[in-house]
Amino acid sequence: MMFKSILIANRGEIARRLIKSARRLGIKTYAVYSEVDKNSMHTKEADVAVCIGPAESKKSYLNIKKVIEVAGENKIEAIHPGYGFLSENYLFAKKVEASGITFIGPSWKSIRAMGNKNNAKEIISSANIPLVDGFLVDKEKPVENKNKVKAIGFPVIAKASAGGGGKGMRVVYNESDLQDSIEAVTREAQSSFKDDEVIIEKYIKGGKHIEIQIARDNHGNCIHLFERDCSSQRRYQKVLEEAPSLSIPEPTKRRMYEAAIDIANKIDYRGLGTIEFIVDVQSHKDELPFFFLEMNTRLQVEHPVTEEILGMDLVELQINIAAGKKLDIDNDKVIPQGHAIEARIYAEDPKNDFLPSPGSIKALNLPKEGRFDFGVRSGDYVSTFYDPMLGKAIVHANDREEARTKLIGCLEELKVQGIKTNTDFLSYILNGEIFSKDIIQI
């Protein structure tokens, strides 16, 4: 039985994306917004919009009690968290379930199991999935930590166990920087995630960041929806994503698909999720080693590239699974077509250390070709309260080179006046030899 109403616990382009699919399914949408977002696009496009609090996130979009109260008062059947904010907060999912409202996503137990990198690694190790050498830092035993790192071998990466979004991560190349890096990551972890647990892992230099999209229903049926290459990053934050990956040989991909499905089955997952791996492309040619990094128990920012090559609506698939429907597709019938690349457009100034660039958008002109999932329009004000991502530019073409050229053209045509953006920086990457030649010959 399909839901009659859904509350979208998010904002901007994320909320707009969810509204689009819900509307196509004939579902009434309820948007929540902070005081500063009163006139934003997602509040105008939803069937109903409810103010949830002041601009500060913890008093509005992160206010679990208020979100559930709004859903209860309006007799809403399901809540979709989108990505970011409360999407991977297991306490939120638990309280939504306890209130009798359907959470469009995995169970709170799955979110909790995979939300902490150290806990996730313990679960994955029992499923015989390859793991990067590493350990949980004991801050009371610096000498022991140092000896363990020496056994692994430099370089290593120190990262927040509860981290995400590229925050709380430092690569350590030598022993003299180890303790300072651990202390810095500890501070960042406490500040960003209220959890100062730190893990150290072997750093795979030049490794490919590959993620496998999976979908699993409430009846135990699980499929993979192929891979995305998310190796183009700045400070561990993804800036360009593409599908499929042309730098990973097919035998390695098949092993990764199987591993991703094994993980989803191991934790009795429900809904859509992404298993992230690091692939050692500097190793053997036909069978590349890969290692589990983490699982994202939500829809990913970069999901449109998968939608483009498969001709699918992943949000619709999410909603159908949450409504109890069985997967009506299998991997024999899902065939990728062409190549897709996504660029994240940020309100930031690359010439000033990529600092956010808040202000009024005097004019926004989107190209006629391509797909543009944006959360702003001309006249909107980009505040400092939220993530500075304006939206995403996505292109689909017959092959990678055609897609790359097409995206370059879109970025040249895309005009945002009044604030600084990273479009020139993205064009620089796309035009560079490293990105344009990033294909293996098998």
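## Cysteines without a disulfide

A disulfide is counted where a pair of cysteine sulfur atoms lies within 2.5 Å. In this predicted model, the sulfur of Cys 222 is 19 Å from the closest cysteine sulfur, that of Cys 230, and is therefore too far away for a bond. Seen from the other side, the closest cysteine sulfur to that of Cys 230 belongs to Cys 222, again at 19 Å and too far for a bond, and the structure as a whole holds zero disulfides.

Both cysteines can also be described by their accessibility. Cys 222 is buried, with a relative accessible area of 17%, and Cys 230 counts as buried at 0% relative accessibility.

## The second largest pocket

The second largest pocket encloses about 430 Å³ of space. Strand and helix elements both contribute to its wall, and those that give two or more residues to the lining are β11 (222–234), β12 (237–243), α13 (423–431) and α14 (433–436). The largest share of this lining, six residues, comes from β11.

In total 21 residues line the second largest pocket, and those that lie nearest its centre are Ser 231, Ser 232, Ile 429, Ile 434 and Phe 435. Sorted by class, the lining is made up of nine nonpolar, eight charged and four polar residues.

## Helix α10 and its salt bridge to β20

Helix α10, which spans residues 303–310, is mostly covered, with seven of its eight residues buried. The buried residues are His 303, Pro 304, Val 305, Thr 306, Glu 307, Ile 309 and Leu 310, whereas Glu 308 counts as partly exposed at 25% relative accessibility. After the helix comes Gly 311, which has a positive phi near 65°.

The side chain of Glu 308 meets that of Arg 371 in a salt bridge, with an N to O distance of 3.1 Å. This pair links distant parts of the chain, since Arg 371 lies in strand β20 (residues 371–374) and Glu 308 in helix α10, 63 residues apart. Arg 371 is itself buried, with a relative accessible area of 17%. Both partners also belong to a network of salt bridges that links Arg 17, Arg 24, Glu 307, Glu 308, Asp 313, Glu 316, Arg 371 and Asp 373.

## Other salt bridges

A search of the whole structure finds 37 salt bridges. One of them, between Glu 144 and Lys 148, has its closest N and O atoms 3.4 Å apart, and both residues lie in helix α7 (residues 142–152), where they are four residues apart, or about one turn of the helix. Glu 144 counts as partly exposed at 34% relative accessibility, and Lys 148 likewise counts as partly exposed at 32%.

Another salt bridge joins the side chains of Glu 56 and Lys 58, at 3.7 Å from N to O. Here Glu 56 is partly exposed, with a relative accessible area of 33%, while Lys 58 is exposed, with a relative accessible area of 56%.

## A buried loop residue, Ile 101

Ile 101 sits in the loop between α4 (90–98) and β5 (102–103), and at 9% relative accessibility this loop residue counts as buried. The C-alpha atom of Ile 101 is separated by 5.3 Å from that of Ala 78, although the two residues are 23 residues apart along the chain.

Leaving aside residues up to four places away in sequence, Ile 101 touches Ala 71, Gly 72, Ile 76, Glu 77, Ala 78, Ile 79 and Val 96.

Conventions
Residues are numbered from 1 along each chain as its sequence is written. This is a predicted model: local features need pLDDT of at least 70, side-chain atom pairs count only at pLDDT 80 or more; totals for chains, interfaces and linings use all residues. Side-chain values use heavy atoms; hydrogens and water are left out. Buried means under 20% relative accessible area, exposed over 50%, partly exposed in between (1.4 Å probe, protein chains only). On a 1 Å grid over the protein atoms alone, a cavity is a set of points where a 1.4 Å probe fits but cannot get out, and a pocket is an open set with protein on both sides within 12 Å along at least five of seven lines; lining residues have an atom within 4 Å of a point. Grid points are joined across faces, edges and corners, and a volume is the space filled by probe spheres set on the points. Ala, Val, Leu, Ile, Met, Phe, Trp, Tyr, Cys and Pro count as nonpolar, Asp, Glu, Lys and Arg as charged, and the others, Gly among them, as polar. Contact means heavy atoms within 4.5 Å. A salt bridge is a side-chain nitrogen of Lys or Arg within 4 Å of a carboxyl oxygen of Asp or Glu.
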